[in-house]
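Got a new structure to look at? Let's walk through it with a few simple questions.

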Amino acid sequence: QQWILKYFVTEDVSVYVKTGIRNINGKRVLITNNGVLLPNGYFDTSTKAINSIHNIDFTDIEILNKEEAETLAKYLFNFNAKENVYNTLGLGVANMLNSYARESNLDNLPILQDLGESKSGKSKALTILRLLFNNTNSAMSLSASTDFALLKAFDETFLPIFLDEVKLSKVSKHKINSLSNHIRAITEGYENAKGTKNLNLIKFTYNASLIISGEEEMQETAVKNRSNIVWYAISNFTKKGKEAIDFLCNSQMGEEYLRRFSKSLYLY
């Protein structure tokens, strides 16, 4: 061990398991897989998290200036019908404060569900939200994710889990029941446990919040009561909306502006 430490370990790096805005040594910081964003705007890469649920990197990223912010605002609030935009952005960005909600005696955040017909802009809205968190990872897929993978993800971050292409008619009844149970547990802050081969129990806590994009609504009353459901339709698209989507989701400048605005949101 001493030989390895002497000749192969070149630096010590502090690591955390859970990402998101957390209270570390009496100070609120954002812990990511690439470093820690401090309240003064400095991104400390000597400390990081070991999970890669989100890929959030603020290296060499500065906040927007006034002119750039005005350009972004022209598109950010016009990518869909106003009611959809405000509900999606409002609750979506409020998820940054999820760790505060977990510590509060108030209700936890509801689940954001962007639902509607195919090609109506739901996935684009999810892309915009991911970039507003400066998360460049793709969203998770319900059909391609195991129940254990979701449970582990909910435990390891205070940021939202982005779940895309939730097509209830294409997955098993077991998957639907499992998602329903996760939604109940997330909004209540429950714990879960899994057994190991050695008959030990591993505890998992529902720390994350959840943002869903899908085509169908879960008909369970308890799920509806725990959700803010935003309905998307192709008829909501306008010329201005298509221009906004092209800028925000299909251009390098749009992605850069969203990621830089993200830094302002976290610091605020």
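**Strands, shape and surface**

Q: What makes strands E9 and E12 a pair?
A: Strand E9 (residues 160-166) and strand E12 (residues 209-214) share five bridges in the parallel sense. Two strands pair if DSSP finds at least two bridges between them, so E9 and E12 count as paired. One bridge joins Ile161 to Leu210 in E12.

Q: How far can you trust a model like this?
A: The model is predicted, so local features need pLDDT of at least 70 and side-chain atom pairs count only at pLDDT 80 or more, while totals for chains, interfaces and linings use all residues. Residues are numbered from 1 along each chain as its sequence is written, and side-chain values use heavy atoms, with hydrogens and water left out.

Q: Why are E8 and E13 called edge strands?
A: The open sheet runs E8-E9-E12-E7-E13, with parallel pairing. Strand E8 (140-141) and strand E13 (227-232) each pair on one side only.

Q: What makes the chain as compact as a globular protein of its length?
A: The chain has ten helices and 13 strands (DSSP runs of at least four residues, H or I, for helices and at least two, E, for strands). Its radius of gyration, taken over C-alpha atoms, is 20 Å. The globule rule (2.2 Å times the number of residues to the power 0.38) gives 18 Å for 268 residues, and the two values are close, so the chain is as compact as a globular protein of that length.

Q: How much of the chain counts as buried?
A: Buried means under 20% relative accessible area with a 1.4 Å probe, protein chains only, and 45% of the 268 residues count as buried.

Note on methods: Buried < 20%, exposed > 50% of the residue type's maximum accessible area, 1.4 Å probe, protein only.
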